[in-house]
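I opened the model to look up a few things about its helices, a lysine and the cysteines. My entries follow in the order I made them.

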Amino acid sequence: MRRSNRQVIHIAGLRFGANLGVLDFEREGPQPIQVDAEVNLGAQVIVSRDADIGHVLDYRRVRAIIIDECTAEHTDLLEALLGKLCTRLMRLAGVVGVRIKVTKLEIFPDCQVAISAEAGQW
């Protein structure tokens with residue numbers, strides 16, 4: 001079987017509310033965030049025709065994990081949330097690397113704030 005170059009799942013612009021932050025107003029309820037993720041699957045077999053979804057990492061699963069991890073409980077620090085996301089996504093079968101960026105969309109009236117992290121192989 002031939003292998004292609006590295007395959008990466010990209011989730012871009014995923015927006016939802018999350019309980020996140022240390023400031024008093026951030027503890028009052030969810031605030032809007034955006035998550036961008038890249039999941040490195042390394043070298044993959046070239047698929048030249050339709051195949052069974054069970055043979056690949058379903059990107060719906062990646063999306064669901066991101067939402068679940070960000071909404072499961074209040075997290076004080078963005079850095080801690082990034083750590084949780086990286087750890088959970090790296091546990092998926094076949095994943096060799098993860099890049100995550102979490103953006104607080106409305107923390108300041110004049111700008112957004114984002115922090116990113118990278119784990120595994122790139």
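Where is the place of lysine 104? I find lysine 104 in strand S3. I note at the start that this is a predicted model.

**Lysine 104**

I checked whether lysine 104 is buried or exposed. Its relative accessibility comes out at 9%, and because buried means under 20%, lysine 104 counts as buried. I then looked for a polar partner of its side chain. The side chain of glutamate 26 makes a polar contact of 2.5 Å with that of lysine 104. Glu26 also appears in the contact list of lysine 104, along with Leu20, Gly21, Gln31, Pro32, Ile33, Leu78, Gln112 and Val113. I left residues up to four places away in sequence out of that list.

**Helix H2**

Leu78 from that list lies in my next entry, as H2 covers residues 78–90. I count 13 residues in H2, and the distance from its first C-alpha to its last is 18 Å, close to the 18 Å expected at 1.5 Å a residue.

Which residues of H2 are buried? I get Leu78, Leu81, Leu82, Leu85, Cys86 and Leu89. Down the axis of H2 these buried residues fall within an arc of 135°, so they line one face of the helix. The spacing fits a general rule: an α-helix has 3.6 residues a turn, so residues three or four places apart point the same way.

I also looked up what the buried residues of H2 pack against. The partners are helix H1 (59–71), strand S3 (97–104) and strand S4 (113–120).

**Helix H1**

I ran the span check on H1. Its 13 residues should span 18 Å at 1.5 Å a residue, and the end C-alpha atoms are 19 Å apart, which agrees. The buried residues in H1 are Val62, Ile65, Ile66, Glu69 and Cys70. Seen down the axis of H1, they fall within an arc of 120°, so they line one face of the helix.

**Cysteines**

How many disulfides does a search of the whole structure find? I get zero.

Why does cysteine 70 have no bond to cysteine 86? The sulfur of cysteine 86 is the closest cysteine sulfur to that of cysteine 70, but at 11 Å it is too far for a bond. Cysteine 70 counts as buried, at 2% relative accessibility.

For cysteine 111 the closest cysteine sulfur is in cysteine 70, and at 20 Å that is too far for a bond. I logged cysteine 111 as partly exposed, because its relative accessibility is 36%.

Definitions and conventions
Residues numbered from 1 in each chain as written. Predicted model: local features only at pLDDT ≥ 70, side-chain atom pairs only at ≥ 80, totals over all residues. Heavy atoms only, no water. Helix = DSSP H or I, 4+ residues; strand = E, 2+ residues; numbered from the N terminus. Expected span 1.5 Å × (residues − 1). Buried < 20%, exposed > 50% of the residue type's maximum accessible area, 1.4 Å probe, protein only. Arc of directions from axis to C-beta. Contact = heavy atoms within 4.5 Å. Polar contact = N/O pair within 3.5 Å; in protein donor to acceptor, adjacent residues only side chain to side chain. Disulfide = S-S within 2.5 Å.
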